[in-house]
Amino acid sequence: LANFFPETLIYEVKTDSVELSIENEAYDLTDLRKFCMGDEVILQDILEELILQTRLDLHGLQDSFKARDYSGILEVCHQLASRLGQIKSPTGLVARKIETNLKMKNQNGLAELLDKLDREVNSLLDQLSIQFSVFNASED
């Protein structure tokens, strides 16, 4: 909840080990590679844009939550679910759950789900950035 409620900051200890396996549980780029017809430069460009837009969306989610703009949260979660689905990331399911809950006017547990989404997506983006030597836009 630290990103949405800074007063509840939780300190985490990170390890130096990073999973760089192609068969990664956090994402699967098989379809994206096919779309790029094996061109690693195009893949790199797409991943850079995905990382940038996704980080911007996470900031937008925080702003929307602070403003209690539930339609804004729903819209961003819809975009995230689609984008994360393109790389077959299970984190897209969290975004989809938030979207579905808000469509049903269910705001129960929203802060916790948003925090989970933020943590998981940032971890995913960090993995992609490391594996593909993409700039890390999280350090503002």
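**Salt bridges across an all-helix chain**

Glu40 is partly exposed in this predicted model, its relative accessible area coming to 41%. Its side chain meets that of Arg33 in a salt bridge, with 3.4 Å from N to O. Arg33 is likewise partly exposed, here at a relative accessible area of 25%. The pair is one of eight salt bridges in the structure, and two others are taken up below, after a look at the overall layout.

The secondary structure is simple to list: five helices and zero strands. Read from the N terminus, the order of elements is α-α-α-α-α. The chain has 140 residues, of which 39% count as buried. Among contacts with a separation of 6 or more, 66% are between residues 24 or more positions apart. As for the surface, the chain exposes about 8,400 Å², and 54% of that area is supplied by carbon and sulfur atoms.

Helix α5 covers residues 110-131. With 22 residues at 1.5 Å a residue, α5 should span 32 Å, and the 31 Å between its end C-alpha atoms agrees with that. Just past the end of α5 comes Ser133, where phi turns positive, at about 50 degrees.

Which helices does the pair Arg55 and Asp126 tie together? The two side chains form a salt bridge, and their closest N and O atoms are 2.9 Å apart. Arg55 belongs to helix α2 (residues 40-66) and Asp126 to helix α5, so the bridge ties together parts that lie 71 residues apart in sequence. As for cover, Arg55 is buried at a relative accessible area of 5%, because buried means under 20%. Asp126, at 22% relative accessibility, counts as partly exposed. Another pair with a wide sequence gap is His59 and Asp118: 59 residues separate them along the chain, while their C-alpha atoms are 9.3 Å apart in space. His59 lies in helix α2 and, at 38% relative accessibility, counts as partly exposed.

Within helix α4 (residues 91-103), the picture is a local one. Glu99 and Lys103 both sit in this helix, four residues apart, which is about one turn. An α-helix has 3.6 residues a turn, so residues three or four places apart point the same way. The side chains of Glu99 and Lys103 meet in a salt bridge, at 3.2 Å from N to O. Is each partner buried or exposed? Glu99 is buried, with a relative accessible area of 2%, whereas Lys103 is exposed, at 54%. The pairing also goes beyond these two residues: Arg96, Glu99 and Lys103 are linked in a network of salt bridges. In general terms, side chains of opposite charge can pair when their charged atoms come close.

That leaves the cysteines. How many disulfides does the structure hold? With sulfur atoms required to lie within 2.5 Å of each other, the count comes to zero. Cysteines in the chain include Cys36, which is buried with a relative accessible area of 4%. Cys77 is buried too, at a relative accessible area of 0%.

Terms used: Residues are numbered from 1 along each chain as its sequence is written. This is a predicted model: local features need pLDDT of at least 70, side-chain atom pairs count only at pLDDT 80 or more; totals for chains, interfaces and linings use all residues. Side-chain values use heavy atoms; hydrogens and water are left out. Helices (H or I, at least four residues) and strands (E, at least two) are DSSP runs, numbered from the N terminus. The expected span of a helix is 1.5 Å times one less than its number of residues. A salt bridge is a side-chain nitrogen of Lys or Arg within 4 Å of a carboxyl oxygen of Asp or Glu. Buried means under 20% relative accessible area, exposed over 50%, partly exposed in between (1.4 Å probe, protein chains only). Contact means heavy atoms within 4.5 Å. Accessible areas come from the Shrake-Rupley method with a 1.4 Å probe; for residues, only the protein chains shown count as cover.
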